[in-house]
Amino acid sequence: MYEVLDDTGAQVILGIESSDSIRRLAHHLHTPYETVRLAVNRLEDAGYLEYDNGLSVTNDRVRDAARELIAASARVSPPSIDEAYVIPQFGEWPFAFTRIDAVYVWTQGGYQVGRSPDDYPLFLAVRDQDVEAWEAFFESFGLPTALERQPNDEIESSLQIVLDPQPTLDIEHVEGYPVVSRGETIAYMRENFVQFQSALAMLDRMYDDLDLGVAYREGERAQP
């Protein structure tokens with residue numbers, strides 16, 4: 001099994017949702033279509049996947065092996081920021097990017113604030129009932145979790161996962177990312193108006209159905 005399951009193959013197996021097409025899976029994984037297509041062909045030849053009106057995994061043991069491989073790889077070589085955005089999609093429970101990450105997703109990567117490669121929290125809304133499961137999941141990848149952002153000098157990793165437990169989740173999808181609703185994101189931005197004034201103006205330009213009435217001075221830029 002493991003001679004076929006390289007990192008790409010493992011991500012393909014873990015990223016498949018019911019009746020996915022190759023193109024949708026590539027979008028979901030934020031990986032070039034051709035890279036995913038070649039991995040799918042290899043895994044299908046090995047009998048790990050089948051394609052019948054959509055992709056499906058033939059055996060749950062294959063998913064377990066893929067998760068073990070990705071987790072072991074992450075513990076040896078810490079995931080990059082881009083990889084960290086994909087890893088939650090390998091979990092078995094619903095989630096949505098929230099807070100700063102919701103702004104980042106809804107602006108389609110156009111607005112980034114308050115983070116650096118050396119101190120990069122990811123903010124995930126999860127269901128109350130799934131918090132312990134998510135904590136164990138991220139621990140297997142060597143990623144620390146907390147319910148509030150931790151000072152960078154108090155954790156060993158430059159990446160951290162900040163969980164926001166909620167009774168229920170209102171999930172939308174933008175560019176392949178699950179994210180809290182645009183309305184919830186805008187409310188968060190208004191609560192932190194000084195930090196997100198430029199981002200609100202950016203959203204106003206991006207979405208024709210918005211009329212946020214936010215003043216924008218040409219030359220304003222998001223902080224790194």
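Where is the place of R99? R99 sits in helix α6, which spans residues 99-106. This is a predicted model. R99 is also a residue other than glycine with a positive phi, near 50°.

**Overall build**

The secondary structure comes to nine helices and eight strands. The radius of gyration is 19 Å, close to the 17 Å that the globule rule gives for 224 residues, so the protein is as compact as a globular protein of that length. Along the principal axes, the C-alpha atoms fill a box of roughly 55 × 40 × 35 Å. Of the 224 residues, 46% count as buried.

Contacts reach along the chain. Take those between residues at least 6 apart in sequence: 66% of them join residues at least 24 apart.

**Surface and charge**

The protein exposes about 11500 Å². Carbon and sulfur atoms supply 46% of that area. There are 17 positive and 40 negative charges. Their mean positions are 4 Å apart.

**The core**

In soluble globular proteins, nonpolar side chains tend to be buried together. Here the largest nonpolar core has 71 residues. Those with the most contacts inside it are V12, F97, L122, L124 and F138. Leaving aside residues up to four places away in sequence, F138 touches I87, P88, L124, L143, T145, I161 and L163. L124 is thus named twice: as a partner of F138 and among the core residues with the most contacts.

**Three residues compared**

| Residue | Location | Relative accessibility | Class |
|---|---|---|---|
| Q160 | strand β6 (residues 159-166) | 2% | buried |
| R42 | helix α3 (residues 33-45) | 31% | partly exposed |
| Q108 | loop between α6 and β4 (120-127) | 46% | partly exposed |

Why does Q160 count as buried? Its relative accessibility is 2%, and buried means under 20%. Q160 touches D119, Y120, P121, L122, P144, E148, R149, Q150 and I155, not counting residues up to four places away in sequence. One of these, L122, is also among the core residues with the most contacts.

R42 is partly exposed, at 31%. The C-alpha atoms of R42 and L5 are separated by 9.3 Å. Along the chain, R42 and L5 are 37 residues apart.

**Positive phi**

Most residues other than glycine have a negative phi. Q108 has a positive phi of about 55°, although it is not a glycine. Q108 lies in the loop between α6 and β4. R99, with phi near 50°, lies in helix α6 itself.

Definitions and conventions:
Residues numbered from 1 in each chain as written. Predicted model: local features only at pLDDT ≥ 70, side-chain atom pairs only at ≥ 80, totals over all residues. Heavy atoms only, no water. Helix = DSSP H or I, 4+ residues; strand = E, 2+ residues; numbered from the N terminus. Buried < 20%, exposed > 50% of the residue type's maximum accessible area, 1.4 Å probe, protein only. Contact = heavy atoms within 4.5 Å. Core = buried A, V, L, I, M, F, W, Y, C linked by side-chain atoms within 4.5 Å. Rg over C-alpha atoms; globule rule 2.2 N^0.38 Å. Areas by Shrake-Rupley, 256 points an atom, 1.4 Å probe, with all protein chains shown as cover. Lys, Arg positive; Asp, Glu negative; His and termini not counted. Charge placed at Lys NZ, Arg CZ, Asp CG, Glu CD.
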